[in-house]
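Welcome! Work through these short exercises with the structure open beside you, and try each task before reading its solution.

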Amino acid sequence: MKFNELQLSEEVLRAIEDMGFTETTEIQAKSIPMIKSGIDIIGKSNTGTGKTAAFGIPAIESISYEKKGVEVLILCPTRELAMQACDEIKKFSKYMGWVKPCAVYGGASMDRQILELKRGANLVVGTPGRVMDHMRRRTLKLDNLKMIILDEADEMLNMGFREDIECILQDIPEERQTIMFSATMPPAILAITNQYQNNPQMIKIEQKYRTVDTIEQYYFDVPSGMKIEAMQYLLLAYEPKASMIFCNTKKMVDELTDALTSKGFKAAGLHGDMKQAQRSFVMDKFKSGKINILIATDVAARGIDVSGVDVVFNYDLPQDNEYYIHRIGRTGRAGKSGTAYTLISNRKQVYELRSLSKYIKAEIIEKELPERSEIVNNKILKLVSKVSAASEQPLREEAEIILSILNKEGYSAEEIAGILINMRLSKELRNIPEFELPKVKKSVPKSSGSKLTKDKAAKIEISAGKLNRIAPNFILGALVEATGMQGRSFGKIEIFDKYSTVEVPEADLEYILDVMDNTKVNGKRVSVKLCERRGSDKQSSRHSSGGGRRSEHSRRKNLGGSKGFKRKRK
Ligand code: ADP
Ligand code: MG
């Protein structure tokens, strides 16, 4: 659906156009009309689906011209999210002088926020704690509030904001619209819905697995610091007709664009700091084939639909699994096949890729970078096949010159061909960087974790227990989330006062220890260690430093250092 089908004000449409949006996302198409109609809604949708606009656009459209104090309140879990949402809303409302957004969050000057509130803010985006603060001080008055939006409600509850949120909900006018967005729907969310929403409509966007099946996916393990060279190798070796390269930051986009253009590649960068006109210029060049390599951030590339992209490169591993699907979805469109290559450069990323592979239910196979000699040979072969495919006969004069060289200089025909090839390719060959890479083959399995059997179980200890108000389902949830494995892969979960234990499949032990360490369980950051090893794994107990119990130290040592790790894993 297009934004201009949504009966939005001209000011909003103009602002949306400036931002480069044309098509709505699914959640936007559904929520915007419903919120505008005045009903309460509860929306469930993954990150990166454009929820800020889904509630932000109808929110600014609801604000009256007259000064009526704060009419819309948006609660977000963190200071960053509040700032980000407020910035985005400012962009949507840039042609609406009467809309005055203001962000309030902890860790920043109270006075500045008070001043901004006093200057007639009518849309406030804030974290629950700071909003409560301002309410208590009467620097934030909500008597005229018409709409409250809880963004990432589940996350706010995880962070312990339940009381604050309920306090706020009780304090604001009953005649109001209550909008809630949440990625998950735990009972606590439903309780809030029941108590504080009025006959809410549920909007649920089912997660789709896009046609990643038609896309061949590979990854390369490249020493960090050599990724730019590796990228050049790949472009030279595969010679894609049109490719997109994704980076995680604008800075990286600029760096890589400079590096590749200076080596003669027809590349251009695309990111959010560029003006709309500049972005259109780049897109036009890419679509018309004047450049064939587009280097972009996720945000800049969102919604870009170019046919004929045959290869997508993930120069950086995306921060979010959904981004990966978005990215590689740029190739393999309309039933065509495509290829996606991902560069990774440390051991942690091997794990991340493994859980990504489980998430998308597809195999991502390790490939070795082509060797320099392969690239050179390919280039020569191409040139030779061009020569032999050429239908025209050499002209008489050319033939005569060649004969004279053969006779006079004493060169053989092979030597002359060699010299010509060299001259023809020398510039291209000079641009092939030299470097050697360590080579190990492995593939990321798509199985969803090993099965748990009695004799193949290991027990891990997680540093959170009853005293942290941990229940088994929190632990299981965190395990499933962090590992991408299925719940039934895990065995008995026991909760003690200060720690908990879980039975996990022996085969995935190292992986689980690694990805779980330092994650959060019910809001608490935990450390995780091996607690006991059962079964007949004599090999490993011989290596362990304390009978059946491997110490923290020995585990670290074992997993540390990417070389050791690679050799161990097969
Ligand atoms: P969520 O809150 O669901 O995680 P955001 O609202 O933060 O998602 O949006 C993610 C990104 O997508 C933002 O950079 C936003 O500007 C962009 N975006 C949102 N809607 C659209 C759209 N219809 N077209 C193009 N980009 C969009
Ligand atoms: Mg959001």
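**Exercise 1. Find how much surface the protein chain exposes, and what share carbon and sulfur atoms supply.**

Solution. Step one: the exposed area of the protein chain comes to about 29700 Å². Step two: carbon and sulfur atoms supply 50% of that area. Keep in mind that this is a predicted model.

**Exercise 2. Describe the overall make-up of the protein chain.**

Solution. Start with the elements: there are 23 helices and 21 strands. Next, turn to burial: 46% of the 570 residues count as buried. Finally, look at contacts with a separation of 6 or more: residues 24 or more positions apart account for 74% of them.

**Exercise 3. Decide whether Q232 is buried or exposed, and list its contacts.**

Solution. First locate Q232: it sits in helix α10, residues 227–238. Now apply the cut-off, under 20% relative accessible area for buried. Q232 has 4% relative accessibility, so it counts as buried. Beyond its neighbours within four places in sequence, Q232 is in contact with L260, K263, F265, N431 and P433.

**Exercise 4. Examine the span, the bend and the packing of helix α18.**

Solution. Begin with the span: α18 covers residues 413–430, which is 18 residues. From first C-alpha to last, α18 reaches 25 Å, close to the 26 Å expected at 1.5 Å a residue. Then look for a bend: α18 has a kink of about 45 degrees, centred on R424. Last comes packing: the buried residues of α18 are I416, L425 and L429, and these pack against α16 (372–389) and α17 (396–408).

Key:
Residues are numbered from 1 along each chain as its sequence is written. Chains are lettered from A and ligands numbered from 1 in the order in which they are written. This is a predicted model: local features need pLDDT of at least 70, side-chain atom pairs count only at pLDDT 80 or more; totals for chains, interfaces and linings use all residues. Side-chain values use heavy atoms; hydrogens and water are left out. Helices (H or I, at least four residues) and strands (E, at least two) are DSSP runs, numbered from the N terminus. The expected span of a helix is 1.5 Å times one less than its number of residues. The bend at a residue is the angle between axes fitted to the seven residues ending there and the seven starting there. Buried means under 20% relative accessible area, exposed over 50%, partly exposed in between (1.4 Å probe, protein chains only). Contact means heavy atoms within 4.5 Å. Accessible areas come from the Shrake-Rupley method with a 1.4 Å probe; for residues, only the protein chains shown count as cover.
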